[in-house]
Amino acid sequence: MAFHRDPESMKRFYDGFHPWYRFVEGNTGRSNAAALSVLDPDGSRFAQDSILEHCCGTGSLALEIAPRCASYAGRDQSEGMLGRARQRWNARFGAGTSAPFKSESVLDFADPSGSVDWVAISFALHLFPPADEEGILGSFLKAARKGAFVIEHTTSFSPFLSLVEAAEGSWYESYKRIDFPAMAQRLGTSFIEREIKGARVMEFLKGTRNNDL
């Protein structure tokens, strides 16, 4: 039977692991930058929008997307990871800037309907069981005026990634089998998916039903 961490165990894992997370930030940063080059190729798509990122970790997506949007906020359940995110934010944007991060479990996310333009999650959705993944995206879409986007691991077989995720206690192998187009249909959104080097980019868009965008 596969080993899976529950949310509290995952929080303790990242609270302990965060000092060493800097060794993977280069990879996640490059993957997020590549994903944004697909989501926002000319840098103007989110210029007037507010973006809330959940499971923001140490801020790899935050540092890439904050300059592209009108406002950014990040949340994560691990105070250790958030501490590192604040350090990185201040190093990038100045020690006098207020780092827009706060502590919250994504399973407790219940922001008001239409309170933000976009909700994002990067390399974290696979940490949860499939049933929770749909619930998480549903809560994102309730809060979002325009939609939600997901940056994730690819589904291509990788012995190294499978081994790492198994040790982490994630639901990566189950995540790879989820039918996200069907999930989008159940959630009442259109769906766009792209595979790029190092990442899978998925958009759940409100206000349109054209899956050929």
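**Figure 1. Arg-75 and its surroundings in strand 2.** In this predicted model, Arg-75 is part of strand 2. Its relative accessibility is 10%, so Arg-75 counts as buried. The side chain of Arg-75 is joined to the side chain of Asp-111 by a polar contact of 2.9 Å. Apart from neighbours within four places in sequence, Arg-75 is in contact with a run of residues from Leu-52 to Cys-56, namely Leu-52, Glu-53, His-54, Cys-55 and Cys-56. Further contacts of Arg-75, with the same neighbours left aside, are Lys-102, Glu-104, Phe-109 and Asp-111.

**Figure 2. Asp-111, the partner of Arg-75 in a polar contact.** Asp-111 is placed in the loop between strand 3 and strand 4. Is Asp-111 buried or exposed? Asp-111 has a relative accessible area of 19%; the cut-off for buried is under 20%, and therefore Asp-111 is buried. The polar contact with Arg-75 is made by the side chain of Asp-111, at 2.9 Å. Leaving aside neighbours within four places in sequence, Asp-111 is in contact with Leu-52, Arg-75 and Ala-143. Leu-52 is also among the residues in contact with Arg-75.

**Figure 3. Strand 1 and its pairing with strand 2.** Strand 1 covers residues 50-54 and is mostly covered, with five of its five residues buried. Which residues of strand 1 point one way, and which the other way? Ser-50, Leu-52 and His-54 point one way, while Ile-51 and Glu-53 point the other way. Residues pointing either way from strand 1 are buried. Five bridges connect strand 1 with strand 2, and the two strands pair in the parallel sense. Within this pair, Ile-51 stands opposite Tyr-72 in strand 2.

**Figure 4. Two residues with a positive phi: Cys-55 and Phe-123.** Cys-55 is a residue other than glycine, yet its phi is positive, near 60 degrees. Cys-55 belongs to the loop between strand 1 and helix 3 (60-65). With a relative accessibility of 14%, Cys-55 counts as buried. Where is Phe-123 found? Phe-123 is found in the loop between strand 4 and helix 5. Phi of Phe-123 is near 50 degrees, again a positive value in a residue other than glycine. Phe-123 is buried, and its relative accessible area is 15%.

**Figure 5. The sheet and the helix that packs on it.** Strands of a sheet pair through backbone hydrogen bonds, in either a parallel or an antiparallel way. Here seven strands form an open sheet with mixed pairing, and their order is 3-2-1-4-5-7-6. Which strands are the edge strands? Strand 3 (101-103) and strand 6 (190-196) are the edge strands, and each pairs on one side only. On average, neighbouring strands of this sheet are turned by 20 degrees against each other, direction ignored. Helix 4 (residues 79-93) packs on the sheet and touches strand 2 (71-76) and strand 3. The direction of helix 4 makes about 170 degrees with that of strand 3.

**Figure 6. Strand 4 beside strand 5.** Strand 4 (residues 116-122) and strand 5 (residues 144-152) run parallel. How many bridges join strand 4 to strand 5? Six bridges join them. Ser-122 stands opposite Ile-151 in strand 5.

**Figure 7. The crossing of helix 5 and helix 8.** Two packed helices are described by the angle between their axes and by the distance between the axes. The axes of helix 5 (residues 130-143) and helix 8 (residues 180-187) come within 11 Å, and they cross at roughly 45 degrees. That angle makes helix 5 oblique to helix 8. The crossing is right-handed where helix 5 passes helix 8. From helix 5, the contact is made by Glu-133, Glu-134, Leu-137, Gly-138 and Leu-141. From helix 8, Phe-180, Met-183, Arg-186 and Leu-187 take part.

**Figure 8. Leu-39 in helix 2.** Leu-39 has its place in helix 2 (residues 22-39). The relative accessible area of Leu-39 is 3%, so Leu-39 is buried. Besides its neighbours within four places in sequence, Leu-39 is in contact with Arg-45, Phe-149, Ile-151, Arg-194, Val-201 and Glu-203. One of these contacts, Ile-151, is the residue of strand 5 that Ser-122 stands opposite. Arg-5 and Leu-39 are 34 residues apart in sequence, and 31 Å apart in space from C-alpha to C-alpha.

Conventions: Residues numbered from 1 in each chain as written. Predicted model: local features only at pLDDT ≥ 70, side-chain atom pairs only at ≥ 80, totals over all residues. Heavy atoms only, no water. Pairing = 2+ DSSP bridges. Helix = DSSP H or I, 4+ residues; strand = E, 2+ residues; numbered from the N terminus. Axes fitted to C-alpha atoms, helices over the stretch in contact; angles between N-to-C directions. Contact = heavy atoms within 4.5 Å. Buried < 20%, exposed > 50% of the residue type's maximum accessible area, 1.4 Å probe, protein only. Polar contact = N/O pair within 3.5 Å; in protein donor to acceptor, adjacent residues only side chain to side chain. Parallel < 35°, antiparallel > 145°, perpendicular 65-115°, else oblique. Left-handed = near helix turned anticlockwise from the far one by under 90°.
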